[in-house]
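Please examine the sequence and the structure shown below. A short briefing on one helix and on charged side-chain pairs accompanies them.

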Amino acid sequence: MANILYVVLLFFSGSLMFSHWIGLLLHKDLTKLNDENPGAANLWRSAGAGWGLLGIFLDFMKGYLPLAILIWTGRLSGNILIPAAIAPVLGHAFSPFLKFRGGKCKAVSFGIWSALSDFEISIALAVILALLQAVVTLFHIWRDHKPRTDAWTAVAGILILGVYLFFRRFPLAYIAIWGANLAVFIFTNRTELVRTFQSGSKEVAPPV
């Protein structure tokens, strides 16, 4: 029963939409601006880097701190880590405060991986994403469509992280968490992923 309570509390923590609320305090409804994402990335674009960094920090901490405390105190271990770790991510993606809508889950994902591995996995993910972004910048991939590059680098980054987890021989529970995290990333970025294939099919379609 205690484990179920912890999972619910972690979901609730993830569902706290700090970036969206900061935007409202600044008279900016993130759900109606830019890509309509109520997360920290849209707060950055809509209100500036300072507010965006605050949103990133709060979204990171809501994934990191509660989970880390439960792990440090020995209340969570073994397979219960699977639903417990993914709960904050799901809370952010399907927040009851926004009628079960949510953000892209990047910052909160960094939070849970930091708690699970004392920052090792989150640092690896940061390096992977930085390298992917360098490739995107170097080859001018979708230069004029940042939401599309963000979507693909996020999904590709999580995919590559799975290879890292495999070769570092992390427990199977971590592989399960990674799989769930990947599924959430694909879902939250589905619009831009689908648009890529749609635009590609239009480019190769023969003239009528």
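The points below treat helix 7 and then the salt bridges.

This is a predicted model, in which local features need pLDDT of at least 70 and side-chain atom pairs count only at pLDDT 80 or more, while totals for chains, interfaces and linings use all residues. Residues are numbered from 1 along each chain as its sequence is written, and side-chain values use heavy atoms, with hydrogens and water left out.

**Helix 7**
- Helix 7 (residues 120-138; a DSSP run of H or I, at least four residues, numbered from the N terminus) has 19 residues and reaches 27 Å from its first C-alpha to its last.
- Buried residues (under 20% relative accessible area, 1.4 Å probe, protein chains only) in helix 7 are Ile121, Ser122, Ala124, Leu125, Ile128, Leu129 and Val136.
- Seen down the axis of helix 7, the buried residues fall within an arc of 155° (from directions between the helix axis and the C-beta atoms), so they line one face.
- The face turned away from the buried side carries Ile123, Leu131 and Leu138, which are exposed (over 50% relative accessible area).
- Leu131 has 54% relative accessibility.

**Salt bridges**
- The whole structure holds two salt bridges (a side-chain nitrogen of Lys or Arg within 4 Å of a carboxyl oxygen of Asp or Glu).
- Asp59 and Lys62 form a salt bridge at 3.6 Å, N to O; both lie in helix 4 (residues 49-72), three residues apart, and both are buried.
- Arg168 and Glu120 form a salt bridge at 2.8 Å, N to O. This pair links distant parts of the chain, 48 residues apart: Arg168 lies in the loop between helix 8 (146-167) and helix 9 (172-188), and Glu120 in helix 7.

Conventions
Helices (H or I, at least four residues) and strands (E, at least two) are DSSP runs, numbered from the N terminus. The expected span of a helix is 1.5 Å times one less than its number of residues.
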